[in-house]
Amino acid sequence: MTTEVIDIVVGTVRTGLIGGGFMGRVHAAAARRAGARLTAVASSNRDRAEAVAHQLGVARAEADADGVISASDVDVVHICTPNATHAPLAAAALAAGKHVVCEKPLATSVADARALVRAADEAGVVAAVPFVYRYHPMVREARARVASGRIGTLLTLDGSYLQDWMLRENDDDWRADAAAGGPSRAFADIGSHLCDLVEFVTGERIVRLAARTHRVFDERGGRTVTNEDVAALLIETESGALGTLLVSQMAPGRKNALVIELHGSRRSIRFAQERPEELWVGARKASRLVLRDPATASPGSARLQSLPAGHPMGYQDAFDGFVGDVYAAIAGERPDGLPTFADGLRAAVITDAVLESAERKSWIEVPS
């Protein structure tokens, strides 16, 4: 039996990149997969940009971000730079009439994120934030099963996002500097993905939360650290379902362990990002694993399955699906589930609520 696979390629878009680190490489690969022409790149300096252009096959290097933003042969700007630069760079790109893909967090304050949503609406362009875990086909399958009522009424949920890359005191990164990374680190960096996935899959918003944060080391790399290593949350959704969420960048052995488990009145369902080919479906009398297969998947899941069953798909494939949808939106389509600047604002609102709750040591109502 042959399986028809939907191609994500939508046509030629001229892409400019700002930032040449790991995320810049991921964005570049996804843009190329979507049929884009990589026309310009800027990095921390001209020499670095030249090296990145050579490595990634970008047509030319620009001296700075302004060169990419103002270029007449750039349709969409991908911003892959330290957090504190996101808002000003995105604002400049919108003012220049460019479509924008901005790494999360969209901004390090709610006010800046809200201003970017307004600017994007006024500019009439596509403005997206890569909450790419939405683009794992089995996440879409879980979402479809929840929406269809197959798990019943949502009762409780449990989720975590665990990494270990900041485990030791000498582990350092620009994110640990609040001036570059923002007032929140672990939660803004990875907890935002977890909450986005909770709301996306359940179809319900988090309406209140109680949070605690913890910083293990007050110094890293000879500088003072003020943002958190760990965040733990109790949450309540619109329907009254209760949940627990744990976020840590100091969990030994956990590299990118994003997990969400929902408990309904009929079934439970669990997705683990490090096992993206499967869903665990739990029932009182029998539980089973559902494996990715476009021949049996829901339509929303099947459209993202660029490979047939038995040929594993992973993180880069999810990113490819996201960028493919961004470029489809630029071409005038309306792809389902595309995370926009409004979703980036939502993440900023939840992050702000987490920090406020941790400071006040109390439950916080999360603004809608």
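A nonpolar core, as I use the term today, is a set of buried Ala, Val, Leu, Ile, Met, Phe, Trp, Tyr and Cys residues joined through side-chain atoms within 4.5 Å, where buried means under 20% relative accessible area, exposed means over 50%, and partly exposed lies in between, with a 1.4 Å probe and protein chains only. What we are looking at is a predicted model, in which local features need pLDDT of at least 70 and side-chain atom pairs count only at pLDDT 80 or more, while totals for chains, interfaces and linings use all residues. Residues are numbered from 1 along each chain as its sequence is written, and side-chain values use heavy atoms, with hydrogens and water left out.

Let me start with the cores. The largest nonpolar core has 73 residues, and those with the most contacts inside it are Val 201, Leu 209, Leu 233, Leu 262 and Phe 341. Helix α8 is the biggest contributor to this core, giving nine residues; helices (H or I, at least four residues) and strands (E, at least two) are DSSP runs numbered from the N terminus. A second, separate core has 33 residues, among them Ala 61, Ala 128, Leu 304 and Tyr 327. To return to Leu 209, and setting aside neighbours within four places in sequence, its contacts (heavy atoms within 4.5 Å) include Leu 233, Ile 235, Ile 350, Val 354, Trp 363 and Ile 364.

Next, helix α6, which is mostly covered, with eight of its eleven residues buried. Those buried residues include Val 139 and Ala 142, but also the charged Arg 140, Glu 141 and Arg 145, and the buried residues of α6 pack against α8, α9 (299–302) and the strands β13 (257–264), β14 (268–272), β15 (278–282) and β16 (288–291). Just after α6, Gly 149 takes a positive phi of about 90 degrees.

Now to empty space. Rolling a probe the size of a water molecule over the atoms shows where empty space is left. On a 1 Å grid over the protein atoms alone, a cavity is a set of points where a 1.4 Å probe fits but cannot get out, a pocket is an open set with protein on both sides within 12 Å along at least five of seven lines, and lining residues have an atom within 4 Å of a point. Grid points are joined across faces, edges and corners, and a volume is the space filled by probe spheres set on the points.

The structure holds one cavity of 30 Å³ or more, and the largest cavity has a volume of about 50 Å³. Which elements give two or more residues to its lining? They are α6, α8, β13 and β14, with β14 supplying the largest share, three residues. Val 139 and Ala 142 appear in this lining, as do Val 201 and Leu 262, and by class it divides into eight nonpolar, no polar and one charged; here Ala, Val, Leu, Ile, Met, Phe, Trp, Tyr, Cys and Pro count as nonpolar, Asp, Glu, Lys and Arg as charged, and the others, Gly among them, as polar.

The largest pocket has a volume of about 670 Å³ and is lined by 29 residues, of which Phe 22, Met 23, Lys 104, Arg 175 and Asp 189 lie nearest its centre. The elements giving two or more residues to that lining are α1 (22–33), α8 (186–202) and α10 (315–330), and the classes are 14 nonpolar, eight polar and seven charged. Lys 104 also begins a cis peptide bond to Pro 105, with omega near -5 degrees. The second largest pocket, at about 380 Å³, has 20 lining residues, namely eight nonpolar, three polar and nine charged, and α8 provides the largest share, five residues.

Finally, the aromatic residues, whose rings in Phe, Tyr and Trp (its six-membered ring) pair if their centres lie within 6.5 Å, with planes under 30 degrees apart counted as stacked, over 60 as edge-to-face and the rest as tilted. The whole structure has five aromatic pairs. Tyr 135 and Phe 322 form an edge-to-face pair, 6.0 Å centre to centre with 70 degrees between the planes, and they are 187 residues apart in the chain. Phe 319 and Phe 322 are likewise edge-to-face, because their centres are 5.9 Å apart and their planes at 85 degrees. Together with Tyr 133, Tyr 161 and Tyr 315, these three residues, Tyr 135, Phe 319 and Phe 322, form one aromatic cluster.
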